[in-house]
Amino acid sequence: MNISRAGFFRELPHGDPDGESLREAVERDTDQDTAKLLRYLEGNVVLAATAALVDDVLDPTARAVAPLELVTDGAWVWPRDLAYYVEKYDAAVPATFILHLELRNWVQPHLDENELRQVEEAFLGPDH
C-alpha cells in the first residue's frame with residue numbers, strides 16, 4: 001500500500017526535514033477551493049494522536065493552534081495543523097492531493113479498523 005503525504009512542511013517540528021517549505025507554500029498562488037479543502041482536512045480519521053498542541057511556526061504569538069495528530073483518508077496522511085495553515089495563510093497543498101479530493105467528489109471515506117491498521121503500517125512502518 002502506498003500512502004501519500006501532504007502538509008509535512010520542513011519548518012514544522014513534526015515535519016519532514018526534506019519536505020516542502022511552508023513559507024513557499026504560503027507564498028504560492030493557488031486556485032484551491034479553500035472551503036471544501038478545509039472541510040476535508042478537518043474531517044477524516046485520526047491515525048495517530050498525542051496530548052500535545054502545536055504552535056504556529058510563522059507567528060510566534062499564536063500558540064496551541066492545533067492538536068498534534070495525523071489524519072488520513074486511507075490514501076493520504078496529513079498533520080492536523082495543515083488545516084490551520086490553509087485557513088490562516090492559504091497555504092498551498094500538492095496539486096495531486098487536490099486532484100485526489102476532486103476524484104473523490106470531496107467525500108470523506110469511512111475506514112474500518114482493518115483499513116486503518118493497513119494505513120498505519122504503510123505510513124509508520126511495521127515496527128512502530
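User: What covers the buried residues of α3 in this model?
Analyst: Among the elements covering them are α1 (22-27), α2 (34-42), β2, β3 and β4. Keep in mind that this is a predicted model. Cover here goes by contact, meaning heavy atoms within 4.5 Å.

User: And which residues of α3 are called buried?
Analyst: In helix α3 (residues 81-89), they are Asp81, Leu82, Ala83, Tyr84, Tyr85 and Val86. The label means a relative accessible area under 20%. Just past the helix sits Asp90, with a positive phi near 55 degrees.

User: What makes β3 a mostly covered strand?
Analyst: Strand β3 spans residues 66-72, and five of its seven residues are buried. For the protein as a whole, 41% of the 128 residues count as buried.

User: How do you know that β2 and β3 pair?
Analyst: Pairing takes at least two bridges between the strands. Strand β2 (residues 45-54) and β3 have six bridges, so they count as paired, and they run antiparallel. One of the matches is Leu53, whose bridge partner in β3 is Pro67.

User: What about β3 and β4, how many bridges are there?
Analyst: Three bridges, in the antiparallel sense, link β3 to strand β4 (residues 76-79). Against a threshold of at least two, that qualifies as a pair. Thr72 stands opposite Val77 in β4.

User: What lies between β3 and β4 in the hairpin?
Analyst: Three residues separate the two strands, and Gly74 in the turn has a positive phi of about 95 degrees.

User: How many helices and strands are there, and in which pattern?
Analyst: Five helices and four strands. Following the sequence, you get β-α-α-β-β-β-α-α-α.

User: Why is the protein called as compact as a globular protein of its length?
Analyst: Its radius of gyration is 14 Å, and the globule rule gives 14 Å for 128 residues; the two are close, so the description fits. The C-alpha trace spans about 40 × 30 × 25 Å along its principal axes.

User: What share of the contacts joins residues far apart in sequence, at least 24 apart?
Analyst: Taking contacts between residues at least 6 apart, 67% join residues at least 24 apart.

User: How many charged side chains are there, positive and negative, and where do their centres lie?
Analyst: There are 11 positive and 25 negative side chains, with the centres of the two sets 2 Å apart. Lys and Arg make up the positive set, Asp and Glu the negative one.

User: And what does the surface look like in terms of carbon and sulfur?
Analyst: About 7,100 Å² is exposed, and carbon and sulfur atoms supply 48% of that area.

Conventions: Residues numbered from 1 in each chain as written. Predicted model: local features only at pLDDT ≥ 70, side-chain atom pairs only at ≥ 80, totals over all residues. Heavy atoms only, no water. Rg over C-alpha atoms; globule rule 2.2 N^0.38 Å. Buried < 20%, exposed > 50% of the residue type's maximum accessible area, 1.4 Å probe, protein only. Areas by Shrake-Rupley, 256 points an atom, 1.4 Å probe, with all protein chains shown as cover. Charge placed at Lys NZ, Arg CZ, Asp CG, Glu CD.
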